[in-house]
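User: I am new to reading protein structures and would like to learn how the labels are earned. Could we go through them together?

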Amino acid sequence: MRRKLLEQLKEWKIKGSRKPLIIRGARQVGKTWLMKEFACTEYEKCAYINFENDLQLKSLFLQDFDIN
């Protein structure tokens, strides 16, 4: 399963007209691990930011954004 999912992400990476990456699934199934593993193996640099654990960053999303 691990290899299959990583291969799917590698295919996403090489697509010329790729859309933003969204990883969805049930709780506690390895989404964060998969994302970190993919980033660390496929990119020279990667950053992981958890908006739930950092109060200053979390506050950025408490505002009501006016799209217009």
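**How the labels are earned**

Analyst: Happy to! Glu 7 counts as partly exposed, with a relative accessibility of 37%. Keep in mind that this is a predicted model.

User: Why is Glu 7 called partly exposed?

Analyst: Buried requires under 20% and exposed requires over 50%. The 37% of Glu 7 falls in between, so the label is partly exposed. Glu 7 is found in helix α1.

User: What makes the contact of Lys 10 and Glu 7 a salt bridge?

Analyst: The rule asks for a side-chain nitrogen of Lys or Arg within 4 Å of a carboxyl oxygen of Asp or Glu. For Lys 10 and Glu 7 the N to O distance is 3.6 Å, so the pair passes. As for their places in the chain, Lys 10 and Glu 7 are three residues apart in helix α1 (residues 2–14), which means that about one helical turn separates them. Lys 10 has a relative accessible area of 31%, so Lys 10 is partly exposed.

User: How do you know that Glu 42 forms a salt bridge with Lys 10?

Analyst: The closest N and O atoms of Glu 42 and Lys 10 are 3.7 Å apart, and the limit is 4 Å. Glu 42 lies in helix α2 and Lys 10 in helix α1, so this pair ties together parts that are 32 residues apart in sequence. With a relative accessible area of 23%, Glu 42 is partly exposed.

User: What makes Lys 13 and Glu 42 a salt bridge?

Analyst: Their closest N and O atoms are 3.5 Å apart, which is within 4 Å, so the pair qualifies. Here, too, two helices are involved: Lys 13 lies in helix α1 and Glu 42 in helix α2, so parts that are 29 residues apart in sequence are tied together. Lys 13, at 22% relative accessibility, counts as partly exposed. The structure holds three salt bridges, and Glu 7, Lys 10, Lys 13 and Glu 42 are linked in a network of them.

User: What about the rings? How many aromatic pairs does the structure hold?

Analyst: The structure holds two aromatic pairs. In one of them, the ring centres of Trp 12 and Phe 38 are 6.3 Å apart and the planes meet at 70°.

User: Why is the pair of Trp 12 and Phe 38 called edge-to-face?

Analyst: First comes the distance: rings pair if their centres lie within 6.5 Å, and 6.3 Å satisfies that. Then comes the angle: over 60 degrees counts as edge-to-face, so 70° earns the name. The pair links distant parts of the chain, with Trp 12 in helix α1 and Phe 38 in helix α2, 26 residues apart.

User: Is Phe 38 buried or exposed?

Analyst: Phe 38 has a relative accessible area of 4%, and the cut-off for buried is under 20%, so Phe 38 is buried. Phe 38 also forms an edge-to-face pair with Tyr 43, at 5.8 Å centre to centre and 90° between the planes. Tyr 43 counts as partly exposed at 33% relative accessibility. Ring pairs link Trp 12, Phe 38 and Tyr 43 into a cluster.

User: Which ring does the charged end of Arg 18 sit over?

Analyst: The charged end of Arg 18 sits over the ring of Trp 12, 5.0 Å from its centre. Likewise, the charged end of Lys 36 sits over the ring of Tyr 48, 4.1 Å from the ring centre. Both distances are within the 6 Å that the definition allows.

User: Why does Phe 61 count as exposed?

Analyst: Exposed means over 50%, and Phe 61 has 53% relative accessibility, so the label fits. Phe 61 lies in the segment after α3. A nonpolar surface patch of about 400 Å² is made by Ile 49, Phe 51, Leu 60 and Phe 61.

User: Which helix has the lowest mean pLDDT among the elements?

Analyst: That is helix α3 (residues 55–59) with 83, while helix α2 (residues 31–42) has the highest, 93. The protein chain averages a pLDDT of 87, and 94% of the residues score at least 70.

Conventions
Residues are numbered from 1 along each chain as its sequence is written. This is a predicted model: local features need pLDDT of at least 70, side-chain atom pairs count only at pLDDT 80 or more; totals for chains, interfaces and linings use all residues. Side-chain values use heavy atoms; hydrogens and water are left out. pLDDT is the predictor's confidence in each residue, from 0 to 100. Helices (H or I, at least four residues) and strands (E, at least two) are DSSP runs, numbered from the N terminus. Patches are made of residues with over 30% relative accessible area and no salt bridge: like charges are joined within 9 Å, nonpolar side chains (Val, Leu, Ile, Met, Phe, Trp, Tyr) within 5 Å. Accessible areas come from the Shrake-Rupley method with a 1.4 Å probe; for residues, only the protein chains shown count as cover. Buried means under 20% relative accessible area, exposed over 50%, partly exposed in between (1.4 Å probe, protein chains only). Rings of Phe, Tyr and Trp (its six-membered ring) pair if their centres lie within 6.5 Å; planes under 30 degrees apart count as stacked, over 60 as edge-to-face and the rest as tilted. A charge sits over a ring if NZ of Lys or CZ of Arg is within 6 Å of the ring centre and within 35 degrees of the ring normal.
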